[in-house]
Each structure stands twice: as C-alpha cells, then as structure tokens.
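Biologist: I would like a close look at how one pair of helices sits together, and then a walk outward to the strands and loops. Please take it slowly and give the cut-offs as you go.

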Amino acid sequence: MIRERRPPARPSRVAARVREKVGPDAVRLEEGGVVAAPGGTGDASVLIGLAAAEGWRLAPAGAGLGPAGPAMRSADRPRPDLVLSSERMTGLLDHRPGDFNVAVGAGVTLDALASRLAPEGQWLALDPPGGGGVTVGGVVADGRAGPLGALFGRPRDLLLGLTVVDGAGRILWLGGRVVKNVAGFDLVRLVAGSRGGLGMITEATFRLHPLPAADLTLVWGCADALEAWELGRRLATLRVPVAAAEVVTGEWPEPLGAGPARLLLRLMGSAAASRQIVRLLEAEAGKPDEKWKGGASVARFRALSEGEGLGSGGGGAFRAHALPARGGELLSAFSGVACRRIALGLLGGTCRGYPSDGEAARAARVAAERIDASFAVPGDGWARVPAGSGRSPRTRLASRIVAGFDPSGILPGAWRKGRARSSGREG
C-alpha cells in the first residue's frame, strides 16, 4: 500500500539517536542538518538500520564535488533527515599490482588513490565530472564517465566488486576480485549509477591499467563550435586510437581557461605510437595551434573535469545526448542558448552545458526536445513508483528492484522528488 511521507525529523533527535549508536565524534550538525560519518561497513549498517526503523530520509554522500552535489542541496528538493558521509572510509584495503586490481574504502579520493598507485606504474583510468577530489564511492554512485570513457569505459566497466549497505541495513558483498566473476544477475553494474537509490557504497574493487608512457593533447582553435566539431569528426574517425576528443567553448577553470572554440584530441600510449599518430593527424588537419605534453595534458583535462562538477554555478548544468554523428546538431541547437561553457564529446555524443541562469536552462531543454535528443540534469535519482500506476513495464520493473533494496523508502530514489513511499507494512 502507499504510505504518506512522514514530516522531517527533528535534527536534535536524529543527532542524539545517532550518537547512541556510533559515538559523538562521528556526528555533526551542518547547515541545520545532521551528518554522520560511519567508520566502516558495520557502522553504516547500524545507522541505516536505525534510519529504516525511524523512517528517516537518508542521503549517502562523498566529497560533494560531482555535478549532483549542488542538486542534492537545492532549495526545491526535500532535505534528508540524515546524511551519511564516507569521509572516514579512506583505507586502501588491498592492492595487488601483479593482478592489476585494488580494493579501497568508498571515501578515498581519486587523487589520493592515484598517488598510492603511481609508484607501481598503475592508475585507475577514470576522469569523472568533479575532478580528482571526488571519492571512488561517488564516482561509482554517479556512474558517469569523463572524456576518457571512450577508451577505458565507464566506472561500471572497471568495477570488479562492491560492498553495499542497502536500505534495510543489510550488507551485500557483490562481485569479486577477478574480471569473470559473475554468475547470474550482475548486481555490481546495477548499483553503479544508481545515485544512492539502492544503498550506500562502502568499499569498491577496481581493475587497473598501466600508466601510459606518453600523454599528449593536440589543440586546434576554430572560428566556432560547429567548425571545431566538423574538424574533430574528421580526425576522430580516422583509423587511429584516440583517448579523448572534445569540443570546448566558453570559460573553464585554469589552466584550461577561457578561449574561442577549441578541438582537443588526447593521445595516450607509447611515445613511438604517439609520434606516428601525430604525423597522421597533421597530414589531415595541419599542425595544431598547441601541444600539451605530460603534466600539461593531465592538468588541462583535470580542469575540464573540475568544470563539470561543483563549480557549475547558479544556472545549473545539463547533459544532452545524441548519436556521435549528430553532435553538430546538438551544438547548433544550443548556439542560441546563453551558456557559460559547453563541452561535447566527439566519440560518445554527449554534450555538457552550463546555462547562465534558469531561463537559459529551460531554453536548453526546449532546444534538445526540438531535435529529439535526450536531456537530463544532474541529481535525478532512481524513482520508485507504485505497482500498477500505469507506467511502462520498464519503469515498473525498476520500481520493484528499488523496493527490494529499499523496502522502507528511505533512500534518495524514493523521496528526492517528493514521491510517496511504498511499503508492505501497515501504517
């Protein structure tokens, strides 16, 4: 049956009950809300079990740097009764260099993990929105790839195993430490990208890659974004391996900075192979305006990732997607929308825009609908709808899956948009 959503719990009572369970040092009041930082999977299980019993709305959280961070704190959304932070789950649990995998706590940042893996000549090949300060738990929960996703895949493609605490406080050990470890339904991939709607991620095991011997970005300046796209499509579809291909316009964090429309092609691999690829690209398009090598290449793409995170500004952000061959249509559609910056992935077809205000954001949605492109804003969680509500079979199936992980309706997918909770219990 449908149970009406309870009114928000009093922060003082929530904090007192949490202190009883995990001690005073793991709890704080922040902007009128309660934040608890469980020390590990066991503490998280206790707190989520308590929240389920009390009916508190929960929000698992990492560093808050990803694009969904501002959305979770926006005024038009219900506030969680309790935020569960992974900030104390920062252990490197097990690194096996010979097997190219690593297990870490969900609160470890990408920068911290990179510094620990670099001495072994390895890295986690992810550059998600938000930059190196995002946590691995946040990367998995958000599920989105950065520009390198075209070569290395999304977070779910690098995941081997997860430890998750679901909405009933149950501890789930999913996957394992080898690539072929799935028998039956792949719950690891299900959790990746669920944005906290299926539980709190406490540990993650990833497949690693060798650090590339060469990292080089070629830059061509263009008159406008459409010209950059046309040049980029011609180069990115040559029979050469390209790690990332992006068209960027507008103002980005330093050292990428502001400038006219630019085409960025990033090459990663051996030095000899990179030199050969550069010769082929220059024969097609002429010499680039700039070449960023090694750390300069890394720093510019880090700025691109950071510009897609928390600093998106008052107008919010959007993501529009079409087939890669239709990227020019996307750029043309958004040319009349006031955006502070735009990036288009040539290999994946996803355009990320940052409107100047709410009116521009609405205009962007209309522009995407006009060309039949998909459109989304960060922070939209998994939604649970009552069975038999008339929604599509796919939506009803998703609703039943979420209900299995979150029977009390306390996780973000059940309450973030103000939907009523469903429960098999009376009350």
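At what angle do helix 1 (residues 11-22) and helix 2 (residues 41-54) pack, and how far apart are their axes?

Modeller: This is a predicted model, in which local features need pLDDT of at least 70 and side-chain atom pairs count only at pLDDT 80 or more, while totals for chains, interfaces and linings use all residues. Residues are numbered from 1 along each chain as its sequence is written, and side-chain values use heavy atoms, with hydrogens and water left out.

Two packed helices are described by the angle between their axes and the distance between the axes. For helix 1 and helix 2 the angle is about 140° and the axes are 10 Å apart; helices here are DSSP runs of H or I with at least four residues, strands are runs of E with at least two, and both are numbered from the N terminus. The axes are lines fitted to C-alpha atoms, for helices over the stretch in contact, and the angles run from 0 to 180 degrees between N-to-C directions. Helix 1 and helix 2 are therefore oblique to each other, given that angles under 35 degrees count as roughly parallel, over 145 as roughly antiparallel, 65 to 115 as roughly perpendicular and the rest as oblique. Their crossing is right-handed, a term used when the near helix is turned clockwise from the far one by less than a right angle, whereas anticlockwise would be left-handed. Helix 1 contributes Arg13, Arg17, Val18, Lys21 and Val22 to the contact, and helix 2 contributes Asp43, Val46, Leu47, Leu50 and Glu54, where contact means heavy atoms within 4.5 Å. These residues divide into five nonpolar, no polar and five charged; Ala, Val, Leu, Ile, Met, Phe, Trp, Tyr, Cys and Pro count as nonpolar, Asp, Glu, Lys and Arg as charged, and the others, Gly among them, as polar.

Helix 2 also holds Ser45, which is buried with a relative accessible area of 16%; buried means under 20%, exposed over 50% and partly exposed in between, with a 1.4 Å probe and protein chains only. Leaving aside residues up to four places away in sequence, Ser45 touches Val165, Gly169 and Ile171.

Val165 leads on to the strands, as strand 9 covers residues 159-165. Strands of a sheet pair through backbone hydrogen bonds, either parallel or antiparallel, and two strands are taken as paired if DSSP finds at least two bridges between them. Strand 9 pairs with strand 11 in the antiparallel sense over six bridges, and Gly161 stands opposite Thr205 in strand 11. Both strands belong to an open sheet of five strands with the order 6-7-11-9-10 and antiparallel pairing. Strand 6 and strand 10 (171-175) stand at the edges, each with a single partner strand, so one side of each is left without a neighbour in the sheet. Neighbouring strands of this sheet are turned by 10° against each other on average, direction ignored.

At the strand 6 edge, strand 6 (residues 92-96) and strand 7 (residues 101-105) pair in the antiparallel sense over four bridges, and the bridge partner of His95 is Val102 in strand 7. The two strands form a hairpin with four residues between them, and Phe100 in that turn has a positive phi of about 55° although it is not a glycine. At 32% relative accessibility, Phe100 counts as partly exposed.

A second hairpin is formed by strand 18 and strand 19, again with four residues between the strands, and Gly349 in its turn has a positive phi of about 85°. Strand 18 (residues 339-345) pairs with strand 19 in the antiparallel sense over five bridges, one bridge partner pair being Cys339 and Pro355. Strand 17 (residues 318-321) also runs antiparallel to strand 19, joined to it by four bridges, and Ala320 has Cys351 as its bridge partner. Six of the six residues of strand 19 (residues 350-355) are buried, so this strand is largely enclosed by the rest of the structure. Both faces are covered, with Thr350, Arg352 and Tyr354 on one side and Cys351, Gly353 and Pro355 on the other.

Among the loops, a cis peptide bond with omega of about 5° joins Glu254 and Pro255, and Pro255 has its place between strand 14 (244-250) and strand 15 (259-269).
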